[in-house]
Amino acid sequence: MSEKASIRVFIADDHAIVREGLKQILAEQRDIAVTGEAETGLDAVKLFRKSRCNVLLLDISLPDRNGIEVLKQIKSEKPELAVLMLSMHREDQYAIRSLKAGAAGYLTKQSAPRELVNAIRQVAAGQRYVSAQLAQVLAAQVGADHELPVHDTLSDREYQTLTMIASGKTVSEIAKELSLSVKTISEYRSRLLAKMKLKTSAELTHYAIRNHLID
């Protein structure tokens, strides 16, 4: 680690190969140093403090907790920290939700190799990072007088459950993947069906496809 690096980065991602790839990209930059890493949301909350980082790269899909939940907890503790969300999901699925929760930017893993360094420098300087495509979406919403789509009124866990059901996963599979009980996931499913005034998982899936919430 360079002692002269002005930007200290902590990486939270459950895939070791992704963390190594990110570190290799950043190792070539004199002004950026990786000061710590974690593979779960719990470890991220525990360990980021020790790293004295000023930028956190946070995967939105961690094995134990939703990344947006981790984001909210970390920002409540250290509001000045710049958090750049990393995701396999398209921007229109989670980016705006992440920014509303306090993220400084949103970067897809597909674009990370070419955009990572610029994104980190931008958020470290106190600015927001979004792609040109997402910037157009945000600009279109400024001053727009329209009712929020119903999926934007869901909690983060409800929204995650919606996208996973629409992707074809069963309640049991979702519970296992999120390390939650089947009963808890069933409650999320019941709540989001009620909020969206839908009756079945098939109707949820049709809604998600119609609103481009899944790939």
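**Group meeting talk: helix contacts and salt bridges**

Let me start with one pair: Glu158 and Arg191 meet through their side chains in a salt bridge, 2.9 Å from N to O. This pair links distant parts of the chain, with Glu158 in helix H7 and Arg191 in helix H9, 33 residues apart. Please keep in mind that this is a predicted model.

How exposed are the two partners? Glu158 counts as buried, at 2% relative accessibility. Arg191 is partly exposed, with a relative accessible area of 40%.

Now let's look at the two helices that carry this pair. Helix H7 covers residues 156–166 and helix H9 covers residues 182–196; they pack with their axes 9 Å apart, at an angle of about 95 degrees. H7 and H9 are therefore roughly perpendicular to each other. On the H7 side, the contact is made by Arg157, Glu158, Thr161, Leu162 and Ile165. On the H9 side, you'll find Ile185, Tyr188, Arg189, Arg191, Leu192, Lys195 and Met196. So you can pick out both partners of our opening salt bridge in this contact, because Glu158 and Arg191 are listed there. What classes of residue make up the contact of H7 with H9? There are 6 nonpolar, 1 polar and 5 charged residues.

While we're on H7, have a look at Thr163, which is also found in this helix. Thr163 counts as buried, at 8% relative accessibility. Which residues does Thr163 touch, leaving aside those up to four places away in sequence? They are Tyr94, Leu213 and Ile214.

Back to salt bridges. How many does a search of the whole structure find? The count is 12, and I'd like to show you a few more.

Asp31 forms a salt bridge with Arg121, and their closest N and O atoms are 2.9 Å apart. Asp31 lies in the loop between helix H1 (16–27) and E2, while Arg121 is in helix H5 (residues 112–124), so the pair ties together parts that are 90 residues apart in sequence. Asp31 is partly exposed, with a relative accessible area of 23%. Arg121 is partly exposed as well, with a relative accessible area of 35%.

Next come Arg49 and Glu77, whose side chains meet in a salt bridge at 2.4 Å, N to O. Arg49 lies in helix H2 and Glu77 in helix H3, so this pair ties together parts that are 28 residues apart in sequence. Arg49 is partly exposed, with a relative accessible area of 42%, and Glu77 counts as partly exposed at 39% relative accessibility.

There is also a network of salt bridges, which links Arg19, Glu20, Lys23 and Glu37.

Let me finish with helix H2, the home of Arg49. H2 covers residues 41–51, and its buried residues are Gly41, Ala44, Val45, Phe48 and Ser51. Where do these sit around the helix? They cover an arc of only 135 degrees around the axis, which puts them on the same side of H2. What covers them includes strand E1 (7–12), strand E2 (32–38) and helix H3 (67–77). You'll remember H3 as the helix that holds Glu77, the partner of Arg49. Finally, Arg52 follows H2, and its phi is positive, near 50 degrees.

That's my tour, thanks for listening!

Key: Residues are numbered from 1 along each chain as its sequence is written. This is a predicted model: local features need pLDDT of at least 70, side-chain atom pairs count only at pLDDT 80 or more; totals for chains, interfaces and linings use all residues. Side-chain values use heavy atoms; hydrogens and water are left out. Buried means under 20% relative accessible area, exposed over 50%, partly exposed in between (1.4 Å probe, protein chains only). Helices (H or I, at least four residues) and strands (E, at least two) are DSSP runs, numbered from the N terminus. The arc is that of the directions from the helix axis to the C-beta atoms. Contact means heavy atoms within 4.5 Å. Axes are lines fitted to C-alpha atoms, for helices over the stretch in contact, and angles run from 0 to 180 degrees between N-to-C directions. Angles under 35 degrees count as roughly parallel, over 145 as roughly antiparallel, 65 to 115 as roughly perpendicular and the rest as oblique. Ala, Val, Leu, Ile, Met, Phe, Trp, Tyr, Cys and Pro count as nonpolar, Asp, Glu, Lys and Arg as charged, and the others, Gly among them, as polar. A salt bridge is a side-chain nitrogen of Lys or Arg within 4 Å of a carboxyl oxygen of Asp or Glu.
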